[in-house]
Amino acid sequence: MNYLKDFIRILSGNFDNHEQFKEMQNNGAISFPFAKHINTVCNDKIMDLPQNFEGYFLLEESYYTTNGNTHASPHLFLFTEEDDGVKLTSYEMPTGYNKDSFTYDQLNPIDYNSLTVSQKFTPAIYKQNNGIWEGGSVSMFSPILKFTLYERFSEEQLEVSESMEVNGKRTFGYDEPIIYKRVK
């Protein structure tokens, strides 16, 4: 069964957490971020893909604004169909880009063979249950730095929980997942 096209259709586009952000601000959670995702399939910019390549490279441009300061956090992911769902593999940012210039609009053609899989990120597996995709992974970025990702995707929203822990103490993340809705 071809899960991948449906998964990518749900995940692609422009999203933000405007509704959640407004509610959190009204409830006094001033450190909760306003967040945006621009998720764009970028296979058209990856040259020399293997013949019959069936995966989708997606450039996720994330922007987080807290206390008036915005920072970018772009990522290149490859999504492939597996027997039991969809696999997310993270790639290193290509040479010549930084967090501010790694956008779909500024992305020049890149040779597939120059791309490097992230050795720190444990691939995530997503499974569909009643129209909702769920999955994530736990990665040890170093012996003391743990990154935990858990996500739920549906037609209505993207729900993202991320946290970083150093020696078991959370240094990044929120008590509630960020709820992104498609921007029309």
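Which backbone nitrogen lies 3.4 Å from a polar atom of the side chain of Ser-118? In this predicted model, in which residues are numbered from 1 along each chain as its sequence is written, local features need pLDDT of at least 70, side-chain atom pairs count only at pLDDT 80 or more, and totals for chains, interfaces and linings use all residues. Side-chain values use heavy atoms, with hydrogens and water left out.

The nitrogen in question belongs to Lys-120, and the pair is a polar contact (N or O atoms within 3.5 Å; within protein, one able to donate a hydrogen and the other to accept it, with residues adjacent in sequence counted only if both atoms are side-chain atoms). Ser-118 is buried, at a relative accessible area of 9%, where buried means under 20%, exposed over 50% and partly exposed in between (1.4 Å probe, protein chains only). Leaving aside neighbours within four places in sequence, Ser-118 is in contact with Ser-90, Tyr-91 and Glu-92, contact meaning heavy atoms within 4.5 Å.

The largest nonpolar core (buried Ala, Val, Leu, Ile, Met, Phe, Trp, Tyr and Cys residues joined through side-chain atoms within 4.5 Å) holds 26 residues, of which Phe-7, Phe-79, Tyr-126, Phe-153 and Tyr-180 touch the most other members. The greatest contribution to this core, 5 residues, comes from α1, where helices (H or I, at least four residues) and strands (E, at least two) are DSSP runs numbered from the N terminus. Apart from this core lies another of 13 residues, among them Cys-42, Leu-76, Leu-78 and Phe-102.
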